[in-house]
Amino acid sequence: GAKPKQTAEKSDSSSWSNGEDSKPHAKTDSGTAPSINMNLQRSLQILQLDQSASYAAARVQYRRMALKLHPDKNPGRDTKVEFQTLQAAWETAEPHFKKQRK
């Protein structure tokens with residue numbers, strides 16, 4: 001009846017919570033943007049930007065590159081890793097450019 005199901009659910013949920021820490025990391029370590037090691041200098045190289053570029057110019061450059069590399073825009077070419085690297089570069093560089101804007 002209901003009691004064995006509840007016990008099974010509890011053991012399933014407890015085993016899930018025990019493995020909870022490793023499961024999300026396994027997903028992010030498989031080449032997704034969060035696992036890409038990025039610093040400002042590398043991100044500027046990837047974005048082909050100078051450190052003194054304005055936020056508006058940097059944003060335009062990122063968006064142009066993102067459109068070129070987006071996997072949906074490149075059906076015959078695997079651009080997933082390049083696109084994710086570009087995203088990581090922008091996430092690293094954007095605060096630098098926003099700070100300059102103020």
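Contact, as the word is used in these exercises, means heavy atoms within 4.5 Å. The structure shown above is a predicted model, and each exercise below is to be worked on that model.

**Exercise 1. Describe the fold of the chain in outline.**

Begin with the secondary structure: the protein chain has 5 helices and 0 strands, and along the sequence its pattern reads α-α-α-α-α. Turn next to burial, where buried residues account for 27% of the 102 residues in the protein chain. Then consider the contacts between residues at least 6 apart in sequence, of which 59% join residues at least 24 apart. Finally, the accessible surface of the protein chain comes to about 7,600 Å², and 50% of that surface belongs to carbon and sulfur atoms.

**Exercise 2. Characterise helix 5, and state which helices its buried residues pack against.**

First take the dimensions: helix 5 covers residues 80-101, which is 22 residues, and reaches 31 Å from its first C-alpha to its last, close to the 32 Å expected at 1.5 Å a residue. Next follow the helix for a bend, and a kink of about 35° is found at Ala-93, shortly before the proline Pro-95. Then list the residues of helix 5 that are buried, among them Phe-83, Leu-86, Trp-90, Ala-93, His-96 and Phe-97. The last step is to find their partners, and the buried residues of helix 5 pack against helix 3 (40-47) and helix 4 (55-69).

**Exercise 3. Work out which elements build the largest nonpolar core, and which residues touch the most other members.**

The core has 18 residues, and those touching the most other members are Leu-47, Leu-49, Tyr-62, Leu-86, Trp-90 and Phe-97. The elements that give two or more residues to this core are helix 3, helix 4 and helix 5. Of these, helix 5 provides the largest share, with 7 residues.

**Exercise 4. Determine the surroundings of Trp-90 and classify its aromatic pairs.**

Start from accessibility: Trp-90 has a relative accessible area of 7% and is therefore buried, the cut-off for that class being under 20%. Leaving out residues up to four places away in sequence, Trp-90 touches Leu-47, Tyr-55, Ala-58, Arg-59, Tyr-62, Pro-95 and Phe-97.

Now look at the rings, for the structure holds 2 aromatic pairs. Tyr-55 and Trp-90 form a tilted pair, 6.2 Å centre to centre and with 35° between the planes. This pair links distant parts of the chain, since Tyr-55 belongs to helix 4 and Trp-90 to helix 5, 35 residues apart. The rings of Tyr-62 and Trp-90 have their centres 4.9 Å apart and their planes at 10°, so this pair is stacked; the cut-off that the step needs is planes under 30 degrees apart. Tyr-62 in helix 4 and Trp-90 in helix 5 are 28 residues apart, and their pair too links distant parts of the chain. To finish, Tyr-62 is buried because its relative accessibility is 16%, and ring pairs link Tyr-55, Tyr-62 and Trp-90 into a cluster.

**Exercise 5. Decide whether the polar residues His-96, Gln-61, Gln-48 and His-70 are buried, partly exposed or exposed, and name their contacts where these are known.**

Take His-96 in helix 5: its relative accessible area is 14%, so His-96 is buried. Beyond its neighbours within four places in sequence, His-96 is in contact with Leu-40 and Gln-51.

Gln-61 lies in helix 4 and, with a relative accessible area of 17%, is likewise buried. Its touching partners, not counting residues up to four places away in sequence, are Leu-47, Gln-48 and Leu-49.

One of these partners, Gln-48, sits in the loop between helix 3 and helix 4. Gln-48 has a relative accessible area of 60% and is therefore exposed, and its phi is near 55°, a positive value in a residue other than glycine.

His-70, in the loop between helix 4 and helix 5, counts as partly exposed because its relative accessibility is 26%. Leaving aside neighbours within four places in sequence, His-70 is in contact with Thr-79 and Phe-83. As a final step, compare sequence with space: His-70 and Glu-82 are 12 residues apart in sequence and 8.7 Å apart in space, C-alpha to C-alpha.

Notes. Residues numbered from 1 in each chain as written. Predicted model: local features only at pLDDT ≥ 70, side-chain atom pairs only at ≥ 80, totals over all residues. Heavy atoms only, no water. Helix = DSSP H or I, 4+ residues; strand = E, 2+ residues; numbered from the N terminus. Expected span 1.5 Å × (residues − 1). Bend = angle between axes of the 7 residues up to and from the residue. Buried < 20%, exposed > 50% of the residue type's maximum accessible area, 1.4 Å probe, protein only. Core = buried A, V, L, I, M, F, W, Y, C linked by side-chain atoms within 4.5 Å. Areas by Shrake-Rupley, 256 points an atom, 1.4 Å probe, with all protein chains shown as cover. Phe/Tyr/Trp six-rings, centres within 6.5 Å; stacked < 30°, edge-to-face > 60°.
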